[in-house]
Amino acid sequence: MAAIEAGNQPSMKENTNPDQIPSNNHNDIEGQIGQKPKVEIDYLQRAQWLRAAVLGASDGLVSTASLMIGVGAVSSDVKSMIISGFAGMVAGACSMAIGEFVSVYSQRDIEVSQMKRENENRIKNGDLSDEDERNKEKLPNPLQAAGVSALSFMIGAAVPLLSASFIQVYGVRLGVVIALSSLALVIFGWVGAVLGKAPVKRSCLRVLIGGWLAMAITYGLSMLIGLTGL
């Protein structure tokens with residue numbers, strides 16, 4: 001009986017199947033240690049300055065081009081178009097910077113107040129951490145937003161200004177301003193969509209159609225006022 005029981009027991013050699021031996025994870029651990037940590041992109045923080053830049057450039061282009069086209073609807077003088085466009089660029093850049101500064105500063109005050117309340121609650125509960133410092137780094141910067149808005153507005157406004165400065169023929173000048181402004185609007189929409197991880201086609205069409213509507217309405221109303229002699 002002892003011989004039979006001994007024969008029924010699996011031998012040690014039978015358990016040495018190489019497929020069943022657990023693999024050594026030493027190399028895997030070394031590989032993980034050698035790998036650089038992946039840097040996660042904070043798209044919310046990127047959107048804060050991206051929104052100001054794209055909106056500023058689009059507003060500068062649309063408002064300046066619409067203003068110049070509106071003046072061109074009642075006057076064929078190239079000097080009048082350039083002066084009106086330049087004045088619109090300066091006034092619009094200042095307005096964008098001030099408005100963005102006030103808006104972002106108000107947003108910052110609200111977020112700081114919320115952080116203080118949350119910090120007081122954590123102190124009462126004895127939960128102290130460095131989360132407050134990390135949240136402060138994510139606060140929006142009003143000066144940065146104002147500067148980006150003003151600069152981007154002037155960049156957008158420079159497109160119709162430069163396109164109309166060297167063309168004396170009235171009809172050709174208006175056509176070039178509209179064509180280059182439309183091309184720039186598509187580029188601004190594409191850049192905003194790529195950086196913000198948004199649908200490219202939808203973003204480009206939205207910006208382009210909005211710019212066309214603004215220019216068409218300004219031209220039509222200016223032409224109407226010019227015909228009535230007001």
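Reader: How much area does the chain expose, and what share do carbon and sulfur atoms supply?
Author: The chain exposes about 15400 Å², and carbon and sulfur atoms supply 64% of it. Accessible areas come from the Shrake-Rupley method with a 1.4 Å probe, and for residues only the protein chains shown count as cover. This is a predicted model, where local features need pLDDT of at least 70, side-chain atom pairs count only at pLDDT 80 or more, and totals for chains, interfaces and linings use all residues. Residues are numbered from 1 along each chain as its sequence is written, and side-chain values use heavy atoms, leaving out hydrogens and water.

Reader: How many helices and strands?
Author: Eight helices and zero strands. Helices (H or I, at least four residues) and strands (E, at least two) are DSSP runs, numbered from the N terminus.

Reader: Where does helix 6 bend?
Author: Helix 6 bends by about 30° at Ala-158, and Pro-160 follows within four residues. The bend is the angle between axes fitted to the seven residues ending at a residue and the seven starting there.

Reader: What does Thr-64 touch?
Author: Among its contacts (heavy atoms within 4.5 Å) are Ala-157, Pro-160 and Leu-161, not counting residues up to four places away in sequence. Thr-64 sits in helix 3, residues 43-74.

Reader: Is Thr-64 buried or exposed?
Author: Thr-64 is buried, because its relative accessible area is 1%. Buried means under 20%, exposed over 50%, partly exposed in between (1.4 Å probe, protein chains only).

Reader: And Ile-187, in helix 7?
Author: Ile-187 is partly exposed, because its relative accessible area is 42%.
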